[in-house]
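Here are a couple of worked exercises on strands and how they pair up. Have a go at each one before you read the solution.

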Amino acid sequence: MKLSAKIQQEEPGKQLQDVQENQQQKAKMVALEQKVDAVTLGRNPKGSWNPKTNTPNIVATLVKAGDSLIVKLPPKEVYHSEVMNVDVQNGDEFILYGDEIVHIENSKVPGAETVTPDTLAPDTLSMLPENYELGNETVFYPIVADQQGRLVLYGTKDGRLWGNFQISEQGIPASSIGGDKLKTASIDLSRLASEVKDVMPVNYDGSGLTIYPIVTDQEGRLVLYATSDSQLHGNFQISEQSLPAGSVGSDKLKTASVNLTKLASDVAQVLVQSYDTNGRTRYPIVMDDDGRLVLSSGQDGSILGKFDLSLSKVPYTSLPSEVTGGLITTYEASNVTRFPLVMDQDGKVCVWIEKDGSLSGKISLAVGSVTEESLSDAVKAKLVQPAFSRLNSYNPAHVQLEDDESWRGKRIEIPLSLPGSGIPFHRFPSLRVPHLRGINTTDVSLEFRRSMSLAIRGKVYQGTFDPTVSGFVGLNLRTPRFGDASTAWPPLANPQAGDYVERFKAGSTTEGGLPSKRGDLLVYNGSTWGVQPGPTSAAKPGDFWRVTAAGKFGDLDLKVDDILISTGPEFNGGTGTFPRYIVRRPGEFFVMGECSSANVPAVTLDGALYIFSNSSTVKGVAGNRGDYLIYENGVWGLYSGGTVTVAPGATFVLNCSNANEWEVRRADVYPGIKGITAYSQVATLYLRVSDGIVLFSDSMFGNGFIGTTIATLVSPRSCTTESFGGGTSWDVLSMVHKRIRSGDIHAGKLHVFWHGQNNQYDTAQTKEVAYRLASLMGAAQRRFLFWSVLGQRAADFDGNRITVPIQEGAFAGTNHISEIENFYEYTFPRQWFCPRKALLTWAATQTDVPDLQYPGKSVAETAALYGVVPLNVFLSYASLPNQGKGWNFQGYRSEGTMPTGGLHLDYFIRTDNGNKGYFYVNNQGVWSAISFDFTHLNSFGGPILAQKFYEFLTLNNL
């Protein structure tokens, strides 16, 4: 370990005087070196340091004890730092100890597998049950810690092992030590650092071998120890061989390795018995309860005893002559075809062996002993289970979009929206098509370019993020999220150190004296609550931050220079959202902005991507407008695409084999949102299916018991509901991305998507997201279904009657709902379910249920006449006076005041703004207002729709 004297703060540019010529300083350095060698240094990593440019300034950065920097240089290069007056190379470390900056050479840095005092951080030292200064008799070295940071296993300076562990293989009773179990042979001499070996007691066994204790019992006696010749000794118990504990000595035993040389002399003397007539000595291996030999070995290596051959075939050539001689009775040897092995009580052969070695006869198989692999195809065909049928049967409802030169093709739409920052290009969704064609229907010029198929995860740079800035770090996520209606301060009743909850409430507020915003974490450190701030409260998909300090945030372990990327907010009804993030992986890129000779990139991190704003040379790379300048593996490179500019109103035709080979942006790089639709030709290719179901939606599957009822109906198949209330199609897609990156627990299931309710008029978004969801199912056997948008039963008044424009327009085929249904029918035939039509089919049975919005008509009649989904699946008739029957229509009422007078069950239909289609009803002389949720089905309608979907699954064998 080398030391460098601290630079004077008041003279940061002055070089140190030559240490070699300053004897007083040299003596001080030696003393300090000895002191540092003897003390465990806790480290607070501050990143890397470039000694050539002194970036960052080493003195200004190392300000607190334990602050450290790692030297960043090309491999094997040695550089003399004028600032620190020392030769350094890549991997060297500088750490602030006291008022001195300590230089640790790369070769002196402890390895990852070495446990020494130098590797302990201050927070680890603080957990030790004893924490004495060096020189005291007892110093603890932690070896294993549990998830809460408590010590499970540690060693002391006197060489003894302490902690919670159990070594049942060595015959130590569980109660004598207790706790977690050590892995077999997990600690050996080669893993111990010299500092640890030096403090272990040195004992001799008379043969000159040094003994290293590994485990001792409660009385301090050695239970397990190693000698300097790498042999393992101790108290072993080998219960399989019925040997008493302590009877086996010598080196470590391996499976099936017990032979004469491994047995202690007292054991060998007991075992050696000569009682075979052939002069061979037999050694008992297994004995029965009466002490009789069951299996024994001879000196010549043969194994004798009682064998059970019921699980294997015995070939004729393996039978000794005395056996074959006894079997052959009435036949000449040349005519023998089978040999009897077992006879029944009547002397009839039950089991015999053929000459070819096969076994024949009356064989009774144990229950469960015949596996599927043992069955013939003919048998399998008769025993197929429904789930297995779904897995393997051909089904024309399972389609993949394919290009077959348009023999079976039809024209389809390929929409694309241009959200967020205007600088990045946006790729078309994955779709196998021969070309893209269309018209630029926007009012700005568009730039098309060939996609480089880069995984560009970060789209809009939002600045830096430090997860440690507050000093509070959450380790253990607890529920509920703070901000739900049911929660109050403090967020947890009995918190433990490291517990945290997510800040869920909208906006920025103060609870418990702690200002926080949505997306922050409320953390308990063992005594007080604090806030670990999140990056933002309104992150959009593709927003990203550069991490400036190592730490943990939520479910993510972050390192310096990680790129933290938003996948969008997770929705949970109304304003209930929480930002969700992932970390950039190697090979993924993030857009830092534009570049030119006048706008040189400032960030040099792997994955940084800049886009040329004009033809120029940047970082030694010549590029044209729209080209990508990327930084990877320490080198700047060019990804050239060649842009094609299309003016407003102009047509475009782009050749490709997949739509995602092209990407586009606004030529003015303005961040305003625009949409564009291309066209092409596709056909379908049928695929097989998998089993298991997951339901993804905005709020729809989570209301009216739809998801839970489907799960009950399809049981015992697994069925999971993922509902994100208030989310748009893009938001549902974002959460599918998050689920895939968080373990992909739904891979292989039938994916059912119901989205677009909250963006139903933006049909381009609904269609584009459908394509993107379908392409994501490649790892899940492409088994997916879509539900079309149901549309609200929101009422209007045309002066003569109540109308339901959305559903009536869908029934007539003239509005956005029918447009989405037609899209699913043409693009995913028989791979979509229409909840609107399913409920209209069911409505035919509701002839005795009045439609209160259409006086004198039943819901069956209004469904057939206008295509209006039955009112009773939205409005709970069970809660109405007389269950909605016998009501007396008194007219339409635009006034916002309650009626007066009238008789029992008189009612008005409201036509005032914001309340059209609601009711005033007289219940025993008291007027009341009746309203309902016209978006979500009620607890009566939800199970009905779920039953219709179950029938759809059964009919299509899905």
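**Exercise 1.** In this predicted model, work out which way the side chains of strand 34 (residues 521-524) point, and whether they are buried or exposed.

*Solution.* Step one: go along the strand and sort the residues by direction. L521 and V523 point one way, while L522 and Y524 point the other way. Step two: check burial, where the cut-off is under 20% relative accessible area. All four names on that list, L521, L522, V523 and Y524, come out buried.

**Exercise 2.** Find what strand 34 pairs with, and in what sense.

*Solution.* Start with strand 31 (residues 499-502): strand 34 pairs with it in the antiparallel sense, over 3 bridges. To place the two strands against each other, look at V501, which stands opposite L522. Now take strand 35 (residues 529-532). Here the pairing with strand 34 is again antiparallel, over 4 bridges, and L521 stands opposite Q532. Last, look at the link: strands 34 and 35 make a hairpin with 4 residues between them. In that turn, G526 has a positive phi of about 110°.

**Exercise 3.** Lay out the open sheet that contains strands 58 to 61, and find its edge strands.

*Solution.* First, write down the order: 58-59-60-61, 4 strands with mixed pairing. Next, look for strands that pair on one side only; these are strand 58 (888-893) and strand 61 (926-930). The twist averages 25° from one strand to the next. Finally, zoom in on one edge: strand 58 runs parallel to strand 59 (residues 906-910), joined by 4 bridges. One partnership to check is N888, whose bridge partner in strand 59 is D906.

How values were computed:
Residues numbered from 1 in each chain as written. Predicted model: local features only at pLDDT ≥ 70, side-chain atom pairs only at ≥ 80, totals over all residues. Heavy atoms only, no water. Pairing = 2+ DSSP bridges. Axes fitted to C-alpha atoms, helices over the stretch in contact; angles between N-to-C directions. Buried < 20%, exposed > 50% of the residue type's maximum accessible area, 1.4 Å probe, protein only.
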